[in-house]
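This text walks through one protein chain, from an internal space to single residues in loops. Please keep the structure open while reading.

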Amino acid sequence: MKLLWRAKMTTFQDGGEEVEDGAVYNVTLKKVQIQQAANKGARWLGGEGDQLPPEHTVRQYETSKIRAIKAGTLEKLVENLLTAFGDADFSYISIFLATYRAFASPRAVLELLLDRFGNLETSSHGEVANLNSLESEMVLRAEIASVLRAWLDQCSEDFREPPDYMCLLKLLDYLKNNMPNSDMESRVQNLLKQFQNQEVEAVDGFCSTSSNDLVDGEELEISNPEEFSSFQDHVVAEQLTYMDVMLFRRVVPYHCLGSIWSQRDKKENKNLAPTVRATITQFNAVTKCVISTILGTRELKIQQRAKIIEKWIHIAHECRILKNFSSLRAIISALQSNSIYRLKTTWMCVSKDILLMYEELSEIFSDHDNYLTSRELLMKEATSKFANLDSSEKENQKKSQKRLQLQKNKGVMQGTVPYLGTFLTDLIMLDTALQDYVEGGLINFEKRRREFEVIAQIKLLQSSCNSYCLTPDQKFIQWFRRQRHLTEEESYKLSREAEAAADTNILSPKSQKSMVKRISTLFLGTDVFTPPKEQPLKSSPVGGSSGESTDSASVSSCEFNHSETEDVCVTPVSSPEDPLKKGSVSSDKGSSSSKGSTFDPGSGLDSSSIPTRDSGSVPGSAPRALPVYNRQSDGSCIIRVSMDGLHASVYKSILITNQDRIPDVTQRALLKHNLEPDAVEDYELVQVISEDKELVFPRDANVFYGMNSHVNFDFILRKKADNGQPWCRGSRLLHLP
């Protein structure tokens, strides 16, 4: 009798763990309610077709087991590539390919896959133990082919290893011997030719905005206001979007992994993650261009300078219509920088409607609730055809809808360009909070599943960028590349020349409430910077200043001390991410212990805010809560440790538990700062309570229980004086008993 099965309801139940040699698996039981019906005789019972009336329906339950590897050796993880579909872990291959670079090289994985499991004479693959069977050989070859096909589809860049291309040649050799004349063999040959041709071709001009991109004979120049004004607002926004799209589509997702990106400051890694660096270079170039067009020409009158600010706000709005959140944030960051922010008289000449538009655009990147507004907006518009524009001001709403309608009339869908720093923050947070290895030295693959949830969003947005239909405007691009970027000191000096020392009580064009918002620091420095908790507003002016690093210029901000209301504030350049909260410049009496606070991708990030995706997680398994900065939870938390003296402004995020004592934390902090860990006895760990108070820990104190949990979890590692006592700079020390 032929049976008809129809799924009615599916539930999941935790089935515990299964432990094998070299691997640990999470088991989930999938319970499906089904309806069973006999095709023949259905109508005799009153049913139509294959349907039975409810009173004659027989319902049964079917339970299947889903095995998802939780941790394992590299060999087991590679072997699981061949068995994952049989275990119903359908997302495993994608997760592995997107994250394996954090714990293995392409060569190591390829050798295991081809030499150990692809060798039919020595393979011990469990599903095909009987290797004498032709059917078994075909099954194994099909499984390996499926993995290789997915690898080439999703991560072909893994095989770009000029000039030898050893992995690609090894793969080609395997295919010639085991799958001769197959489509995959032809594909690998074509990929090899493509890589070799690209190696000798000229590099596309959008990977950098440096002077190296200029045509021979051209020189960097300060922007001509008339030339800049000749470009229409929507043209500028489209060209910035064009450049951002070209760079974002080239981002290799594994470059964003916290374990890889956090190593960028080491000397041997100066070329690490070039695709991510390129996006940040472009972001900083846009920010610098905004500043130079406003301040670069001394002869501008206040009204003319205000018109340029208005033009950039309009361009930012056009970027919002195009769903380009990268250049949008760059422009907003530049307008919030110290040298532009302090131009009180200029901002007073900006029209009210445009100021309101600027305020609404700035609110997109509000730091409230871990940048919830920008996160929700990004996910909402990730795959939408057009931007969803709302404005509290009727006139702006009309203009927005009119421009949006023009876009819709063109009949071309738009993609979405995100601010990449948001994802870098989440991935660095995950890398800090979760261990790479678990008991027995097994690779923690649960960590990789959590990372894939973020990587999958990057891939989704990259795919959406294919919807853009933009063409380059060489006139604007050449103008953009020719711009000479002002240094921090130059921009502030020109700002002072444009408007004399400002009143210490001035407000920015933004409201007093939003005055605490800071522009993001976009890095390439030694490490990421961290903001403290929200602080009460001071009456002193707030601003930011553009800074430079060895690889890329950045925008940063700091807060002035009452005694130095108009001194330039130089903040070290650091890692990309979100707004600075507060900083200060110490008084001139030899005290320099006050430090600018800057952003750490691991700080202030609640585990509940890290995006999740069903496709990357095992059904029925709830991810555990992650430790976070400034909160003690489940016996763990994240603290920020800086080195006193030269690196006083550079923080490292460190995970501590209720079992950690001073020597353990000190040793980890030294390792994070690339210092000799054996020098633990030479350093003292103190917690910063306030500007003039510090908490000193005894030699064997428990950091978790001894720290003050009511203030920021900010610590300083300070070298002891010759007498063995901590050396302080006038701060009042509080000693634990």
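A good place to begin is the largest cavity, where helix H8 (233-249) and helix H10 (274-295) each supply at least two residues of the lining. The model shown here is a predicted one. Rolling a probe the size of a water molecule over the atoms shows where empty space is left. In this chain, such a search gives seven cavities of 30 Å³ or more. The largest cavity holds about 130 Å³ of space. Its lining is made up of 13 residues, and Thr279, Ile280, Ser326, Pro418 and Leu420 are the ones that lie nearest the centre. By class, nine residues of that lining are nonpolar, three are polar and one is charged.

The chain as a whole can now be described. It has 737 residues, and 55% of them are buried. Its secondary structure consists of 23 helices and 13 strands. Among the contacts with a separation of 6 or more, 73% are between residues 24 or more positions apart.

Helix H1, which covers residues 74-83, illustrates burial within a single element. How many of the 10 residues of H1 are buried? The count is eight, and the helix is mostly covered. The buried residues of H1 are Lys76, Leu77, Val78, Glu79, Asn80, Leu81, Leu82 and Thr83.

The next topic is a pair of helices. Two packed helices are described by the angle between their axes and the distance between the axes. For helix H4 (residues 134-154) and helix H5 (residues 166-178), the angle is about 145° and the axes are 13 Å apart. H4 and H5 cross in a left-handed sense. On the H4 side, the contact is made by Arg141, Ile144, Leu148 and Leu152, while H5 contributes Leu171, Tyr174, Leu175 and Asn178. Sorted by class, the residues in this contact are six nonpolar, one polar and one charged.

The loop between H4 and H5 includes Pro163 and Tyr165. Both residues take part in backbone features worth checking against a general rule. Most residues other than glycine have a negative phi, and most peptide bonds are trans. The peptide bond from Pro162 to Pro163, however, is cis, with omega near 0°. Tyr165, in turn, has a positive phi, near 50°, although Tyr165 is not a glycine. Is Tyr165 buried or exposed? Tyr165 has a relative accessible area of 2%, so it is buried, the cut-off for that class being under 20%.

Pro162 also provides a link to another helix. Gln196, found in helix H6 (residues 183-200), is 34 residues away from Pro162 in sequence, but the C-alpha atoms of the two are 7.8 Å apart in space. Gln196 has a relative accessibility of 37% and therefore counts as partly exposed.

A positive phi is also found at Lys323, a residue other than glycine, where the value is near 60°. Lys323 sits in the loop between helix H11 (302-321) and helix H12 (325-335). Why does Lys323 count as buried? The reason is its relative accessibility, which is 0%.

The last stop is further along the chain, at Val680. This residue belongs to the loop between helix H22 (662-672) and strand E10 (683-690). Val680 counts as buried because its relative accessibility is 14%. Val680 and Ile662 are separated by 18 residues in sequence, and their C-alpha atoms are 9.2 Å apart. Leaving aside residues up to four places away in sequence, Val680 touches Pro663, Thr666, Gln667 and Leu670.

One of these partners, Thr666, can be followed in turn. Thr666 is part of helix H22. With a relative accessibility of 1%, Thr666 counts as buried. Which residues does Thr666 touch, not counting residues up to four places away in sequence? They are Val680, Tyr683, Leu685 and Leu717. The contact between Val680 and Thr666 thus joins a residue of the loop after H22 to a residue in H22.

Conventions:
Residues are numbered from 1 along each chain as its sequence is written. This is a predicted model: local features need pLDDT of at least 70, side-chain atom pairs count only at pLDDT 80 or more; totals for chains, interfaces and linings use all residues. Side-chain values use heavy atoms; hydrogens and water are left out. Axes are lines fitted to C-alpha atoms, for helices over the stretch in contact, and angles run from 0 to 180 degrees between N-to-C directions. Helices (H or I, at least four residues) and strands (E, at least two) are DSSP runs, numbered from the N terminus. A crossing is left-handed if the near helix is turned anticlockwise from the far one by less than a right angle, and right-handed if clockwise. Contact means heavy atoms within 4.5 Å. Ala, Val, Leu, Ile, Met, Phe, Trp, Tyr, Cys and Pro count as nonpolar, Asp, Glu, Lys and Arg as charged, and the others, Gly among them, as polar. On a 1 Å grid over the protein atoms alone, a cavity is a set of points where a 1.4 Å probe fits but cannot get out, and a pocket is an open set with protein on both sides within 12 Å along at least five of seven lines; lining residues have an atom within 4 Å of a point. Grid points are joined across faces, edges and corners, and a volume is the space filled by probe spheres set on the points. Buried means under 20% relative accessible area, exposed over 50%, partly exposed in between (1.4 Å probe, protein chains only).
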